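Work through the following exercises with the sequence and the model side by side. Try each task on your own before you read the solution below it.

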Amino acid sequence: MEPMKSARPTPSSTSNIPTTLTPVVSVTDLVKRYDDLVALDHLDLEIASGEIFGLLGPNGSGKTTAIHCILQLLTYDKGTIELFGCPMTQTSYDLKRRIGIVPQAVAVFDELTVRENVDYFCGLYVRDKSERKQLVAEAIDFVGLNEYLRARPRKLSGGLLRRLNIACGIAHRPELIFFDEPTVAVDPQSRAAILDGIKRMNAEGSTIVYTSHYMEEVEELCTRIMIMDKGRTLACGTNEQLKALVAAGEKIVIEAEIPEAALMRIRALPHALVVVYENGKLEVTCENGEHNVADVLEELSKARIRPGRIWAEPPTLNDVFLEITGRELRD
């Protein structure tokens with residue numbers, strides 16, 4: 001599969017390091033109600049220029065509602081929204097031209113070819129035909145779809161269709177791009193190509209807002225992450241800052257035959273949060289501490305148990321997410 005190309009013209013901002021004190025996105029005290037349901041509960045949010053900002057939350061947490069309010073696709077009950085330091089309204093067309101949207105549901109026209117689709121969406125922002133022709137060609141080249149210019153979307157694989165969706169959202173060279181679950185149901189090769197493309201867009205100046213249920217993607221991509229639920233911010237910071245907020249530390253994994261008496265002593269260790277033993281494998285999730293591995297091994301030594309393989313895994317963003325939002329299933 002041909003990867004996304006690296007040659008893409010640089011937008012007006014040329015660094016992935018914030019260069020201004022004015023946030024690209026500033027949301028203050030945002031409230032959105034649906035009758036008795038409070039979808040957004042006094043939400044505050046700031047995103048700096050050059051960030052890849054991860055927006056996480058369980059189903060129904062308010063992520064999509066927040067994005068739709070920011071983009072003025074939904075009215076809201078209270079709050080202020082500014083983009084690029086200016087108030088965002090339904091008629092802020094000058095601001096909307098600086099924004100790109102790649103929705104979770106692929107939004108292209110089946111009756112149009114790949115090139116015609118990209119040209120149509122680019123034409124919503126760029127009227128000059130010669131300029132648009134160049135931008136369309138560059139976007140198609142960037143996502144690696146030059147061999148499919150005349151193909152209809154129904155003839156494309158899931159991965160190629162996602163890449164067309166991206167081309168349609170970025171062809172006008174937006175400075176701020178919203179990606180909503182862009183890698184859902186694609187193969188690993190297409191996922192890698194999409195993530196590499198997002199990194200290059202950011203390196204070339206675009207500020208990215210990224211939502212996904214794939215925690216490993218968010219860990220890999222995002223400079224800062226916000227976890228929200230029930231319309232409120234629960235935590236916000238870098239990957240490492242979020243991990244420092246929760247009690248969960250490393251997970252110790254040991255292969256050994258362990259009797260119940262020894263398991264009871266391990267469960268009683270002061271820093272052991274969760275102890276699971278199945279099929280000869282012991283997993284101990286601990287609080288942050290310096291001697292967790294030594295404490296577990298000491299209990300095994302007292303029971304005269306000789307362990308097999310031993311390794312420790314640091315906490316993941318998924319561990320943080322589950323501890324902050326809970327483990328109950330959501331609709």
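**Exercise 1. What share of the residues in the protein is buried, and what area does the protein expose?**

Solution. Begin with burial: in this predicted model, buried residues make up 47% of the 331 residues in the protein, where a residue counts as buried when its relative accessible area is under 20%. Then turn to the surface, where the protein exposes about 16400 Å², with carbon and sulfur atoms supplying 50% of that area. To complete the overall picture, note that the C-alpha trace spans about 80 × 45 × 40 Å along its principal axes, and that the protein has 11 helices and 14 strands.

**Exercise 2. Which share of the contacts with a separation of 6 or more comes from residues 24 or more positions apart?**

Solution. Residues 24 or more positions apart account for 70% of the contacts that have a separation of 6 or more. For one pair of residues that are apart in sequence, take Ile166, which lies in helix 5 (residues 158-170), and Val102: the two are 64 residues apart in sequence, while their C-alpha atoms are 5.7 Å apart in space. As a last step, classify Ile166, which is buried because its relative accessible area is 0%.

**Exercise 3. Where in the chain do Asp41 and Arg232 lie, and how far apart are the closest N and O atoms of their salt bridge?**

Solution. Side chains of opposite charge can pair when their charged atoms come close. In the salt bridge between Asp41 and Arg232, the closest N and O atoms are 3.5 Å apart, which is within the 4 Å that a salt bridge requires. Next, locate the partners: Asp41 is in strand 2 (residues 37-47) and Arg232 is in strand 10 (residues 232-237), so that the pair links distant parts of the chain, 191 residues apart. Finally, compare each accessibility with the limits of 20% and 50%: Asp41, at 24%, is partly exposed, and Arg232, at 37%, is partly exposed too.

**Exercise 4. Are the side chains of Glu217 and Arg191 buried or exposed, and which helices does their salt bridge tie together?**

Solution. The side chains of Glu217 and Arg191 meet in a salt bridge with an N to O distance of 2.7 Å. Because Glu217 lies in helix 7 (residues 215-221) and Arg191 in helix 6 (residues 188-203), the pair ties together parts that are 26 residues apart in sequence. Glu217, with a relative accessible area of 1%, is buried, and Arg191, at 18%, counts as buried as well.

A further salt bridge joins Lys199 and Glu220, at 2.6 Å from N to O; here Lys199 is in helix 6 and Glu220 in helix 7, 21 residues apart. Lys199 is partly exposed, at 32%, and Glu220 is partly exposed, at 44%.

**Exercise 5. How many salt bridges are there, and which residues form a nonpolar patch on the surface?**

Solution. The count comes to 14 salt bridges, and Arg265, Glu298, Glu299 and Lys302 are linked in a network of them. The nonpolar patch is formed by Leu273, Val274 and Val276, which together have about 210 Å² of accessible area. Of these residues, take Val276, which lies in strand 12 (residues 272-278): its relative accessible area is 33%, and therefore Val276 is partly exposed.

Note on methods. Residues numbered from 1 in each chain as written. Heavy atoms only, no water. Patch = residues over 30% accessible without salt bridge, like charges linked within 9 Å, V, L, I, M, F, W, Y side chains within 5 Å. Areas by Shrake-Rupley, 256 points an atom, 1.4 Å probe, with all protein chains shown as cover. Helix = DSSP H or I, 4+ residues; strand = E, 2+ residues; numbered from the N terminus. Buried < 20%, exposed > 50% of the residue type's maximum accessible area, 1.4 Å probe, protein only. Contact = heavy atoms within 4.5 Å.
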